[in-house]
Amino acid sequence: MMEFWKYLLLTSIVVGLIAPGLTKPAETKEPKDEYEDEYEMQKDDGDDYNYPDEDNTSVDRSQNTEYNSVGGLEPLLEVLETDMEVKPGESARIVCRAKNLSNKTVIMWYFEENLIAMGPSLLITNDRMHLKPSEQSIMIDNVQQSDEGVYMCKILPHDLSMRTKLIVSRSPTVRIYDNMRDVSGSSRTYREGDKITLECRPSGNPEPTVTWSSHGVRLDRISGVKVDNGRLTIERAEHHHARVYQCLADNSIGKPAHESVTINVHYAPKVSTHRHDVNTGEGYDAELFCNFKSDPAGRSMWLRNWNPLVEGGKYSMSEEQHNHHNSSRLIVRKVNKSDLGVYQCQVENRLGRDATNISLIYEPETAHFDGYELQPEHIVIFNWTVRSIQPLSEISLYYQKSNDKQWKSEKPIVAEKHKEHSGVWIIQHRVKLSPGTWHARVKSKNTEGWSKYSEAQNINVPIIYTDSEDQLFEKLDSTETSGGSRTFSSGFHTSLPTIFVACLLFCVRWT
């Protein structure tokens, strides 16, 4: 008996600990008023008798002409005007919403200005239109665009009429305008610097949405192009704006409509080159290149000391046409020191001219940066390539941290010949840099002299944690995760299993 009371006491303790977290307070209800109870009893006393109700919907007095005539109520219309929108191919039910009609009233139907029905008789031949006098309506099957318009029911002899505007949805159409001129499907030419304004004008029901694109590219990715509510604006036309622009209109009815316009931009030539210094050697043939764009097409020529060069034994000139640009090539045969110096590639069309200078030299060309690699312990590997027919004898690396005033330098740096291209050298160098942003450049020397400095490159060296630091952060994370107590929605902590285990041990110990 004593054991029973021990277990009862223990069970009470456990329930007292966990019950507040597992149970929710019962919802209290307001005591019913005794009058409400009496009303409920009366409401469910088993009386099946239905008392007459004036609002009973089973009596449709708006269509019971006998009732209305007996009642003597004046006819009236619920609404005077309404709109109805349907899609092509659907059915439309146009109702004359009149009440209190007697057997002496007559409904006449009009479509626009034409009388189409009188009383129970349809006065036109239309297999898709049906008159339903008992429902005071006209039914139109397989609605077509020609059915769109205003339908009117007129109540005689009373001066009452109701208008219903039938709107048939339409698939979209679209046109493109340049000011007041329709330019859909055409080609328009502008000059560089002109302002271009194109307007996409859609039609359809419901109102279509409009989007612009160009060769599948969103226009917000093309600099200088703005789109606002179907209006495309280019404030200052440039050569990269020459393309096909397409306008698409869609309202989910049928297929989307689209139109396009081709924009041409005439501009003066633009000349460039990726090698402003060309290394050569005594007795070698040297090749000089330039690229150019122009519209209308331009004519290229090569000059030295402002004098045009003539095709002949010393010089050879040619042009090649590519997809997005043209190129011009000059070959200087059997170079000697007198041929060294500045050459000019010039291109001209009726809108202007442009030119770029290329130097023929014996010194190494300016180094080309090929990127860098980050390795552990803040080690950075730089990669450059240098063109030089002559062997490289010395290379210097210069680097400085952002906001520093002085450059640091390192040499010697190893350079190797390219395995596939003669006259090309590969420069690779390792250097340890502290975290931050750095600038790096190189110059090289061959038997004829030093090259120019290469363009300074930005190097970003991030902070790299060591393994011990990573392990420390992992321990901190695991400690935070395990130390935080999770709580159920009822407010009971995850220590519940601990309580049960303690109670079990207590029972075993007690017995």
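**Close-up views of a predicted model**

**View 1. A buried cysteine and its partner.** At 0% relative accessibility, Cys345 falls below the 20% limit, so this residue counts as buried. The model is predicted. Cys290 sits at 1% relative accessibility, and therefore counts as buried too. The two cysteines form a disulfide, with their sulfur atoms 1.9 Å apart. Cys290 belongs to strand 23 (residues 286-295) and Cys345 to strand 28 (residues 341-349), so the bond ties together parts that are 55 residues apart in sequence.

**View 2. The whole chain, for orientation.** The protein chain has five helices and 38 strands. How much of the chain is buried? Buried residues account for 33% of its 511 residues. The chain exposes about 33,200 Å², and carbon and sulfur atoms supply 50% of that area. Take the contacts between residues at least 6 apart in sequence: 62% of them join residues at least 24 apart.

**View 3. The disulfide between Cys96 and Cys153.** How many disulfides does a search of the whole structure find? The search finds three. In this one, the S to S distance is 2.1 Å. The torsion about the S-S bond of Cys96 and Cys153 is about 75 degrees, so the disulfide is right-handed. Cys96 lies in the loop between strand 3 (92-95) and strand 4 (98-99), while Cys153 lies in strand 10 (residues 149-156), so the pair ties together parts that are 57 residues apart in sequence. Are these cysteines buried or exposed? Cys96 is buried, and Cys153 is buried as well.

**View 4. The disulfide between Cys200 and Cys247.** Here the S to S distance is 1.5 Å. The torsion about the S-S bond is about -70 degrees, so this disulfide is left-handed. The bond links distant parts of the chain. Cys200 is in strand 15 (residues 196-205), and Cys247 is in strand 20 (residues 243-250), 47 residues apart. Both Cys200 and Cys247 are buried. What is the pairing when the bonded cysteines of the chain are numbered in sequence order? The pairing is 1-2, 3-4, 5-6.

**View 5. The largest nonpolar core.** This core holds 23 residues. Which of them touch the most other members? They are Cys96, Trp109, Ile116, Ile138, Ile140 and Tyr151. Several strands each supply at least two residues of this core: strand 3, strand 5 (106-111), strand 6 (114-118), strand 8 (129-132), strand 9 (137-140), strand 10 and strand 11 (160-168). Another core, of 21 residues, lies apart from this one. Its members include Val183, Val225, Ala249 and Val261.

**View 6. The surroundings of Ile116.** Which residues does Ile116 touch, not counting residues up to four places away in sequence? Trp109, Tyr110 and Phe111 are among them. So are Leu122, Leu123 and Ile124. Met129, Ile138 and Tyr151 also touch Ile116.

**View 7. An open sheet of four strands.** The strand order is 30-31-35-34, and the pairing is antiparallel. Which are the edge strands? They are strand 30 (368-375) and strand 34 (415-417), each of which pairs on one side only. Neighbouring strands of this sheet are turned against each other by 20 degrees on average, direction ignored. Strand 34 runs antiparallel to strand 35 (residues 424-432), and three bridges join the two. Within this pair, Glu416 has Ile426 of strand 35 as its bridge partner.

**View 8. Strand 36 and its pairings.** Strand 36 (residues 436-446) runs antiparallel to strand 32 (residues 392-401). How many bridges join them? There are nine. Across this pairing, Glu394 stands opposite Lys445 of strand 36. Strand 36 also pairs with strand 38 (residues 457-461), in the antiparallel sense, over five bridges. There, Gly436 has Val461 of strand 38 as its bridge partner.

**View 9. The hairpin from strand 36 to strand 37.** Two residues make the connection between these strands. Strand 37 (residues 449-450) and strand 36 pair in the antiparallel sense, over two bridges. Asn446 stands opposite Gly449 of strand 37.

How values were computed:
Residues numbered from 1 in each chain as written. Predicted model: local features only at pLDDT ≥ 70, side-chain atom pairs only at ≥ 80, totals over all residues. Heavy atoms only, no water. Buried < 20%, exposed > 50% of the residue type's maximum accessible area, 1.4 Å probe, protein only. Contact = heavy atoms within 4.5 Å. Areas by Shrake-Rupley, 256 points an atom, 1.4 Å probe, with all protein chains shown as cover. Pairing = 2+ DSSP bridges. Disulfide = S-S within 2.5 Å. Axes fitted to C-alpha atoms, helices over the stretch in contact; angles between N-to-C directions. Core = buried A, V, L, I, M, F, W, Y, C linked by side-chain atoms within 4.5 Å.
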